[in-house]
Amino acid sequence: MKRKLLLLTILLGSLCTFQSCNKLEAGMDGQDGEGIVEISFEGVTFEKELDLSARAAGPYRNGTTFETNEQEQTVDIGNGMLLVANLSPADELLNNSDDAQIRLKDKSKAALITSTLPNLVRYRVAVFNQSGTLVENRVYTRGQESQANNIALPSGNYTFIAYSINTQTDPPNLTYNGTTGTLAAAKVDVDGNTDFMFFNRQLFVPAGTGANATRLNVVLTHRFSQVTAIFDSQGTGYKVTSVDGSFRPHSPTASIALQSGTITRSGQETASSLTFTETGNTQDTLGYSTIINTASTTAATYNINSITIGPLTLPESGGPALPTITGLRMTPGVRYNLRFTVIPTDSVITYNGVQVSRINGVIWANSNVDAVLQRTEPPTAIGVNDLGYYYQWGRGNTPVAAGTANNVTRSIWVRNNPSRTSWNGGTEIDPIKTYLDPCPLNYRIPTMREAQLLIDGTVSTNVNRSSSSSNYTSSKVMTSKRNASVQVILPAQGYFNVSGSAFSNYEPTSIVSRGAMGFYHTSWGQGNNLRALFFEADHPRISQSNNNLAFYSRSKVIRCVADIRTP
């Protein structure tokens, strides 16, 4: 019986010895005096924005937070558009209370909200012993740590370094400054456009195996600034479809000292591009991110080379460059949101007690002169009561035909040659309303420049277009390029032409092209030349009638603009 027990004991001992050897070969156990280190990846963090005067050069968080972390400024990007830029950290420190702080698996507290790292992203782990000699250098794959061998080390003090560039390729290997291959000289060189993340921890590894193994909780910290730009164009009713811009300053390369985490930036200072083209975006454009490799600064800039919002691309060809967003405060390792809100100056406003449309800086009346229906807010469609009366250019404030008339009233038809200042006693830039102007109080006839501003600042569509003397619902809808909710609707009323060869014998014809054409007076008249706002099926344009006095006798309709000289 004793012999059987002895044999069983020998067999069990042999089996345990055999299993321990396999475990050791697989890196799952340690020999006498060795400890096992298990790598546990806990997540990634961003730095907290700190007072730059107290910001350390290394990776440690010290100093005081800013009283407010939001930075906001408004710039005029021209063409009736304002851009509000708001830069703010995307990640904030949790409250200082114990309950508010996240606890890691080893019961330590995370000062920052910890996020995950995508699976298959690779990170390198380097281990240095107490004398600074490299004893281990491995690459791990996120999500596959359990498949990797654990690290067996003689019991002692070690420095564990981990870093990643947030890609599925191996991070660059470490190198040394000079000929001394120790931790004090160890560094890693990276591209300044990569998302470099870093971890540094000193750890005593006791002898122990199995349940007594030492767990190393790796939390990588971003070391370069990351900015996500979000372009919010909801106020315009249009989508932002492309942006070409860049941040400065930005260094193309960097070297990180592994012992301290100190970053040495190198290469000629350049810009970090943030450019995108998006055709399927929503009005509140999804954010696009870029990496900025810069030291702490209060003078970062963002320059928008161009931006396309719906039909409008800024800056316009030949126009001035867009202003640069300056004085941005940035701290390395902080993730920021830079939100751009596009605010159009085109809008529906209250003028003289009535809701009216302002487009490209000009306020337009809702109705044509003498229309039966004088609307108190911009219409969405027009009818017969929106048709205005017809006027000869510069002949005063007496119309020659009603909005639905097919012929003029000959008894009030005027055959004189009008003064070219009949409807503007000033200039195109500084117009002055005259007593002959038929527009109501606080309004006047638009200048050619103001008509052109309407043309330039809108896109247009046709409604019910067909040529008929009884088509009273045809119109040209002119929609602001900056704000799709702002429109000016012009009835396609046609005009009354004339026959004859001189003012003394010009005779009016019947209505021409009602329903298919619009002819609207401006106050511009010089010599034998006249200008009017004109449209057919295409987008409106300025009709240039040169060396033809007959155009001064044609009868057209009038859409007034606000007379800003009026108190």
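The mean pLDDT of this protein is 83, and 84% of its residues reach 70 or more. Please keep in mind that what we have here is a predicted model. Two stretches deserve caution. Over residues 1–30, pLDDT stays under 50, and the model has 16 contacts there beyond four places in sequence. Residues 51–68 also stay under 50, with 46 contacts beyond four places in sequence.

Let's move on to the strands. Look at strand E3, residues 81–89. How many of its 9 residues are buried? The count is 8, so to speak of E3 as mostly covered is fair. E3 has partners that we can name. Strand E2, residues 71–78, runs antiparallel to E3, and 7 bridges join the two. Within that pairing, Thr 74 has Val 84 of E3 as its bridge partner. E2 and E3 make a hairpin with 2 residues between the strands, and here Asn 79 takes a positive phi near 55°. E3 also pairs with strand E23, residues 335–344, in the antiparallel sense over 9 bridges. If you want a pair to find on screen, Met 81 stands opposite Pro 344 in E23.

Next, an open sheet of 7 strands. Its order is E7-E6-E9-E12-E13-E1-E8, and the pairing is mixed. Which strands are at the edges? They are E7, residues 134–141, and E8, residues 151–154, each of which pairs on one side only. On average, neighbouring strands of this sheet are turned by 25° against each other, direction ignored. At the E8 end, strand E1, residues 34–45, runs antiparallel to E8, and 4 bridges join them. There you can find Val 37 opposite Ile 151 in E8.

Now for another open sheet, with 3 strands in the order E29-E30-E31 and antiparallel pairing. E29, residues 458–463, and E31, residues 487–491, are the edge strands, each pairing on one side only. Neighbouring strands in this sheet are turned by 20° against each other on average, direction ignored. Strand E30, residues 475–480, is joined to E31 by 5 bridges, and Lys 476 stands opposite Leu 490 in E31. Helix H2 packs on this sheet, touching E29, E30 and E31, and its direction makes about 80° with that of E29.

Let's stay with H2, residues 448–456. Which of its residues are buried? They are Glu 450, Ala 451, Leu 454 and Ile 455. These four lie on the same side of H2, because they cover an arc of only 145° around the axis. A helix has a repeat behind this kind of pattern: with 3.6 residues a turn in an α-helix, residues three or four places apart point the same way.

Finally, the cores. The largest nonpolar core has 47 residues, and Tyr 443, Leu 533 and Ile 558 touch the most other members. Several elements each supply at least two residues of this core, including H2, E31, strand E24 (347–351) and strand E35 (529–535). So H2 and E31 turn up again here. Leaving aside neighbours within four places in sequence, what is Tyr 443 in contact with? Its contacts are Tyr 351, Val 356, Ala 365, Lys 433, Cys 560, Val 561, Ala 562 and Asp 563. Apart from the largest core lies another, of 32 residues, and among them are Met 81, Tyr 238, Ala 300 and Ile 307. You have already met Met 81, opposite Pro 344 in E23.

Methods. Residues are numbered from 1 along each chain as its sequence is written. This is a predicted model: local features need pLDDT of at least 70, side-chain atom pairs count only at pLDDT 80 or more; totals for chains, interfaces and linings use all residues. Side-chain values use heavy atoms; hydrogens and water are left out. Buried means under 20% relative accessible area, exposed over 50%, partly exposed in between (1.4 Å probe, protein chains only). The arc is that of the directions from the helix axis to the C-beta atoms. Two strands pair if DSSP finds at least two bridges between them. Axes are lines fitted to C-alpha atoms, for helices over the stretch in contact, and angles run from 0 to 180 degrees between N-to-C directions. pLDDT is the predictor's confidence in each residue, from 0 to 100. Contact means heavy atoms within 4.5 Å. A nonpolar core is a set of buried Ala, Val, Leu, Ile, Met, Phe, Trp, Tyr and Cys residues joined through side-chain atoms within 4.5 Å.
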